[in-house]
Amino acid sequence: MFNLIRNWRARRIVARHPIAEALWQDALRRCAPARRLGASDQATLRVLATLFLERKSLEPVKGLELDDADRVLLATHACLPILKLGLDWYDGWHSLIVYPGAFIPGRTHTDAAGVEHQTHTVMAGEAWGRGPVIVSWEDVLHGGRRPGHNVVIHEMAHKLDMLNGDANGFPPLHRRMDRRVWTRVFSAAWDRLQ
Ligand SMILES: [Zn+2]
């Protein structure tokens, strides 16, 4: 676990401001994928969630209020994809914006012919390349009832994917990993999951 928190400042934060036991148990109760982890992975996740809360800004908007337990729950979901990677993989952005429910960003985009279009798609979450992650709190709480749906994990996966450019499903690989092998293994796992 300690190679995940290399610097002394991070260690001090974890030592002095750990997530309180009651809040952590509450997060495990509400977050099934975290609950199913072994004890040592759970301990790592708790450290990562502690540092996530320290480094990122959780920003409820449109009248939404989040208490400490809600914040710990969000951080716990958010750190699952980096459990074996470390928080550095979330460097380069700061804000996790939380809408009360699904949101409809009013966007204009100009097509190849130069015509402007307004888009009004209902979103449960959104991740910008170098910008914030946006999620709907309603979907954080209830999306989990549909097997395979978790809006926070989904948006964080986009963040990892976009570390090497477009959101194309191909994240940066570790050194010495073969692109073709990765693609074959990942595609097979994806098919099985489907
Ligand atoms: Zn997506």
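# Working through a predicted fold

Gln 42 sits in helix α4, residues 39–55 (helices are DSSP runs of H or I with at least four residues, strands are runs of E with at least two, and both are numbered from the N terminus). Before we go on, note that this is a predicted model: local features need pLDDT of at least 70, side-chain atom pairs count only at pLDDT 80 or more, and totals for chains, interfaces and linings use all residues. Residue numbers start from 1 along each chain as its sequence is written.

**Exercise 1.** Work out whether Gln 42 is buried, exposed or partly exposed, and find what Gln 42 is in contact with.

*Solution.*
- Start with the cut-offs: buried takes 20 or more other C-beta atoms within 10 Å of the residue's own, exposed takes 12 or fewer, and partly exposed lies in between, with C-beta atoms placed from the backbone.
- Gln 42 has 17 C-beta neighbours inside 10 Å, so it counts as partly exposed.
- Now contacts, which need C-beta atoms, placed from the backbone, within 7 Å. Skipping neighbours within four places in sequence, you get Ala 34 and Leu 37 for Gln 42.
- As for Arg 16, its C-alpha lies 19 Å from that of Gln 42, with the two positions 26 residues apart in sequence terms.

**Exercise 2.** Take the whole protein chain and decide how its radius of gyration fits the globule rule.

*Solution.*
- Count elements: the protein chain has eight helices and six strands. Along the sequence they come as α-α-α-α-β-α-β-β-β-β-β-α-α-α.
- The radius of gyration is taken over C-alpha atoms, and the globule rule is 2.2 Å times the number of residues to the power 0.38. For 194 residues the rule gives 16 Å; the protein chain comes out at 18 Å, which is close, so it is as compact as a globular protein of that length.
- Along the principal axes, the C-alpha atoms fill a box of roughly 55 × 45 × 35 Å.
- Buried residues are 26% of the 194. Among contacts with a separation of 6 or more, 63% come from residues 24 or more positions apart.

**Exercise 3.** Lay out the open sheet of four strands, then look at the β3 and β4 hairpin.

*Solution.*
- Strands pair here if DSSP finds at least two bridges between them. The order in the open sheet is β1-β2-β6-β5, and the pairing is mixed.
- β1 (57–60) and β5 (125–127) are the edge strands, each pairing on one side only.
- β5 and β6 (residues 133–136) run antiparallel and are joined by three bridges. Gly 125 has Val 135 as its bridge partner in β6.
- Next, the hairpin: β3 (residues 107–110) and β4 (residues 116–119) are antiparallel too, joined by four bridges. Thr 110 has Glu 116 as its bridge partner. Five residues lie between these strands, and Gly 114 of the hairpin has a positive phi near 85°.

**Exercise 4.** Find where Lys 62 and Arg 176, which are not glycines but have a positive phi, are placed.

*Solution.*
- Recall the background: most residues other than glycine have a negative phi.
- Lys 62 has a phi of about 55°, and its place is the loop between β1 and α5 (68–79). Lys 62 has 11 other C-beta atoms within 10 Å, so it is exposed.
- Arg 176 has a phi of about 75° and belongs to the loop between α7 (151–161) and α8 (179–193). Arg 176 is exposed as well, with 5 other C-beta atoms within 10 Å.

**Exercise 5.** Work out how enclosed α5 is, and which residues touch the most other members of the largest nonpolar core.

*Solution.*
- In α5, 10 of the 12 residues are buried, so the rest of the structure largely encloses it. Val 72, Leu 74 and His 77 are among them.
- The core is a set of buried Ala, Val, Leu, Ile, Met, Phe, Trp, Tyr and Cys residues joined through C-beta atoms within 7 Å. The largest has 35 residues; those touching the most other members are Leu 48, Ala 49, Phe 52, Val 72, Ala 75, Ala 78 and Cys 79.
- α4 gives the most to this core, seven residues.
- Ala 78 touches Phe 52, Leu 96, Val 152 and Met 156, residues up to four places away in sequence not counted.
- Finish with Val 140 in helix α6, which is buried with 21 C-beta neighbours inside 10 Å. Beyond four places in sequence, Val 140 contacts Leu 74, His 77, Val 135, Val 151 and Val 152.

Note on methods. Contact = placed C-beta atoms within 7 Å.
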